[in-house]
Amino acid sequence: MLYTLDGLHTHEEEIKKSRFLAMAGPAASADEALDFIATHSVASATHNCWAYRVGDAYRFNDDGEPGGTAGRPILQAIDGQQCDRAVVLVIRWFGGIKLGSGGLVRAYGGAAAQCLRLGSKTPIVPRTVLVCRCPFGDMALVQSKFPSFDAAVAGETFDAEGVSWRLALPSEQVDAFMALFVDLTRGRGDARIDEGR
């Protein structure tokens, strides 16, 4: 199971006189992740290193630290904490003592992992979009079942024959909902998976 963050979380620690401030937050897209980084980066800090993962899309940046010692360990922390749709920024203020490559990997990865561990998370539930259509006479009865299936209305249109919905519901509920939909509409309705999503 994958998780996303409920909001902004921070964790601060000092390692050999360098100050590390990790900030983590949710990101529904790469643009949201980059906005988070731009908003929270500190220009006066020595380094603003970051990583994000949004599904298969990911990026990381060492911001002047030796290659592979900051951004990649932050990304590994995101993956190690089973997070998705998440961005982590680790800001470092250099304290005068060099940490070496191994020390940097541990510092950046450790600060990121601890920040993610402490943050409150929500499971990411895979959702499937259905296109459903039914006569007006069945509309209220069908609608009354949406909450029990955690079905969110993504679109609703009416015509002379009845109503059409685009519904997003947990993928594991699809078969049960479609079977109930056929029963409630006595076979007059139509429900199918939206292949365009």
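# Exercises on two sheets and their helices

Four strands form an open sheet in the order 9-10-8-11, with antiparallel pairing (strands pair if DSSP finds at least two bridges between them; helices, H or I of at least four residues, and strands, E of at least two, are DSSP runs numbered from the N terminus). The model is predicted, so local features need pLDDT of at least 70 and side-chain atom pairs pLDDT 80 or more, while totals for chains, interfaces and linings use all residues. Residues are numbered from 1 along each chain as its sequence is written, and side-chain values use heavy atoms, leaving out hydrogens and water.

## Exercise 1. The sheet of four strands

Find the edge strands of this sheet, and say why one side of each has no neighbour.

**Solution.**
- Step 1: Read the ends of the order 9-10-8-11. Strand 9 (152-158) and strand 11 (190-193) stand at the edges.
- Step 2: Count partners. Each edge strand has a single partner strand, so one of its sides is left without a neighbour in the sheet.
- Step 3: Add the twist. From one strand to the next it averages 15° (axes are lines fitted to C-alpha atoms, for helices over the stretch in contact; angles run from 0 to 180 degrees between N-to-C directions).
- Step 4: Zoom in on one pair. Strand 8 (residues 127-135) and strand 11 run antiparallel, joined by four bridges. L130 has I193 in strand 11 as its bridge partner.

Next, which strands does helix 4 touch, and which does helix 5 touch?

**Solution.**
- Step 1: Helix 4 packs on the sheet and touches strand 8, strand 9 and strand 10 (162-170) (contact means heavy atoms within 4.5 Å). Its direction makes about 145° with that of strand 8.
- Step 2: Helix 5 (residues 174-184) also packs on the sheet, touching strand 8, strand 10 and strand 11. The direction of helix 5 makes about 5° with that of strand 8.

## Exercise 2. Two residues: M139 and D194

Decide for M139 and D194: buried or exposed?

**Solution for M139.**
- Step 1: Place M139. It lies in helix 4 (residues 136-143).
- Step 2: Apply the cut-off. M139 is buried because its relative accessible area is 18% (buried is under 20%, exposed over 50%, partly exposed in between, with a 1.4 Å probe and protein chains only).
- Step 3: List the contacts. Not counting residues up to four places away in sequence, M139 touches C134, E156, F158, V163 and W165.
- Step 4: Set sequence against space. M139 and G189 are 50 residues apart in sequence, yet 9.9 Å apart C-alpha to C-alpha.

**Solution for D194.**
- Step 1: Place D194. It sits in the segment after strand 11.
- Step 2: Apply the cut-off. D194 counts as buried because its relative accessibility is 17%.
- Step 3: List the contacts. Leaving aside neighbours within four places in sequence, these are V129, L130, V131 and R166.
- Step 4: Look at the side chain. The side chains of D194 and R166 make a polar contact at 2.9 Å (N or O atoms within 3.5 Å; within protein, one able to donate a hydrogen and the other to accept it; residues adjacent in sequence count only if both atoms are side-chain atoms).

## Exercise 3. The sheet of five strands

Trace the other sheet: what is its strand order, and which strands are at its edges?

**Solution.**
- Step 1: This open sheet of five strands has the order 2-3-6-4-5, with antiparallel pairing.
- Step 2: Strand 2 (9-15) and strand 5 (57-61) are the edge strands, each pairing on one side only. The twist averages 15° from one strand to the next.
- Step 3: Follow strand 4 (residues 47-54) to strand 6 (residues 86-93). Seven bridges join this antiparallel pair. Y52 has V87 in strand 6 as its bridge partner.
- Step 4: Now go from strand 4 to strand 5. Five bridges join them, again antiparallel. R53 stands opposite Y58 in strand 5.
- Step 5: Check the turn. Strand 4 and strand 5 form a hairpin with two residues between them. G55 in that turn has a positive phi of about 65°.
- Step 6: Add the helices. Helix 1 (residues 30-40) lies across strand 3 (18-26), strand 4, strand 5 and strand 6, at about 25° to strand 6. Helix 3 lies across strand 2, strand 3, strand 4 and strand 6, at about 45° to strand 3.
- Step 7: Inspect helix 3. Its buried residues include G103, L104, A107, Y108 and C115.

## Exercise 4. The whole chain

How many helices and strands does the chain have?

**Solution.**
- Step 1: The chain has five helices and eleven strands.
- Step 2: Its C-alpha atoms fill a box of roughly 75 × 25 × 25 Å along the principal axes.
- Step 3: Of its 197 residues, 44% are buried.
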